[in-house]
Amino acid sequence: MSTSYVVRACAALALAGCGLPSLAATPATLPDTLEQRVAACTACHAVKERGDAFFPRIAGKPAGYLYNQLVNFREGRRHYPMMTYMVDHLPDAYLREIADYFSQQHPPYPPTQAGSGASASAASLARGQTLMQQGDPAKKIPACVACHGSALTGVAPAIPGLIGLPSDYVNAQFGAWKNKVRRAAAPDCMAEIANRLSEADVAAVSGWLSKQTPDAAARPADSIAMPLPLNCGSAPAP
C-alpha cells in the first residue's frame, strides 16, 4: 500500500487510529475583555516596555492624545499600513475605549536606549536643553515645556509626554512632519515647529531627551498655562 494512500485514508477517517486531531475540535475560548482585545496592540507596543525606536510607549499617555492618533491613522493624516488596517473600520466610541485603557497603564520605563543620541556632543546637548526649556525666540520656536509640561510628561487631556522617547523615534517623527507624512488636525502646530527646526536642532532635542531618566511615578499634568504658544487643532483652547 502506498504512503500517499495511507495519508489520504487517515485524513478522511481523522480518528481511525492514525493519530490525527479531530477536525471538529472545539477552538479555545478567549475571555471577552478589553485587555484581550488590545492584545494586537501590545504585540508591538509591549506591556513590558522595550524602548523600541519604531513602536513608541503609549502606556500612560493622555487618553485624548491617544484617541487623536488613532483617528489620525484612520483618516489618513498619519501613515503606517499596520495601524491603518487595525483602526480603519473601528468607530469613535471603540477608539476612545482603547485610548482610555492605555492611558491608565503605567509600567516601568525601560532602560534608556543609546540610539543616535549616544554620539551627541556637549554643544548639541546644551542646544537641546535650551530648545526644550527656553525655545529660540529668533526662530519663533517655543519652549517644549510650554506645551508638554515642565516635567515633559504631557498634559491631560491631549498633549503627549516626551520623556522616555528614544532619540531615533523622535528624529523619525520630526522627519515625518517635515515631509508631511505625519499630520494632525489643523492648525497643525507641530508641523509648524518641525519646519522651523534645522536638522541639527532636531538632533539636539532628541539627543538631550535620550539622556533624561524618566521618573517611574511621572504622570501627565492636569493643566498648563493658557494660551499655548501656538494654536493647536489637537489641543484646542478651553
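**How do we know? Questions about a helical model**

Modeller: Searching the whole structure turns up 3 aromatic pairs. Before we go on, this is a predicted model: local features need pLDDT of at least 70, side-chain atom pairs count only at pLDDT 80 or more, and totals for chains, interfaces and linings use all residues. Residues are numbered from 1 along each chain as its sequence is written, and side-chain values use heavy atoms, with hydrogens and water left out.

Biologist: What makes Tyr101 and Phe102 an aromatic pair, and how are their rings arranged?

Modeller: The ring centres are 5.2 Å apart, and rings of Phe, Tyr and Trp (its six-membered ring) pair if their centres lie within 6.5 Å. The planes make 85 degrees, so this pair is edge-to-face (under 30 is stacked, over 60 edge-to-face, the rest tilted).

Biologist: Why is Tyr101 called buried?

Modeller: Its relative accessible area is 19%, and buried means under 20% (exposed is over 50%, partly exposed in between, with a 1.4 Å probe and protein chains only). Phe102 is buried too, at 6%. Across the chain, buried residues make up 40% of the 238 residues.

Biologist: What about Phe55: why does it count as partly exposed?

Modeller: Because its relative accessibility is 21%, Phe55 counts as partly exposed. You'll find Phe55 in the loop between helix 3 (39-42) and helix 4 (63-74).

Biologist: Which residues does Phe55 touch, leaving out those up to four places away in sequence?

Modeller: Phe55 touches Cys44, His45, Arg50 and Tyr80, where contact means heavy atoms within 4.5 Å. Phe55 and Leu165 are 110 residues apart in sequence, and their C-alpha atoms are 10.0 Å apart in space.

Biologist: How many helices and strands does the chain have?

Modeller: There are 11 helices and 0 strands. Both are DSSP runs numbered from the N terminus (H or I of at least four residues for a helix, E of at least two for a strand).

Biologist: Why is helix 9 called roughly antiparallel to helix 11?

Modeller: Helix 9 (residues 167-178) and helix 11 (residues 199-210) pack at about 150 degrees, with their axes 8 Å apart. That angle makes the two helices roughly antiparallel, since the label needs over 145 (under 35 is roughly parallel, 65 to 115 roughly perpendicular, the rest oblique).

Biologist: Which residues of helix 9 and helix 11 make that contact?

Modeller: On helix 9 they are Ser167, Val170, Asn171, Phe174 and Lys178. Helix 11 brings Val202, Ala203, Val205, Ser206, Leu209 and Ser210.

Biologist: What's odd about phi at Lys140?

Modeller: Lys140 has a positive phi of about 60 degrees, although it isn't a glycine. Lys140 sits in the loop between helix 7 (122-133) and helix 8. Lys180 has a positive phi as well, about 65 degrees, and isn't a glycine either. Its place is the loop between helix 9 and helix 10 (189-196).

Biologist: Are Lys140 and Lys180 buried or exposed?

Modeller: Lys140 has a relative accessible area of 60%, so it is exposed. Lys180 comes to 59%, so Lys180 is exposed as well.

Biologist: Where are the cis peptide bonds that you've noted?

Modeller: One runs from Ala156 to Pro157, with omega near 10 degrees. Pro157 is in the loop between helix 8 (145-148) and helix 9. Another joins Met226 and Pro227, with omega about 0 degrees, and Pro227 falls in the segment after helix 11.

Conventions. Axes fitted to C-alpha atoms, helices over the stretch in contact; angles between N-to-C directions.
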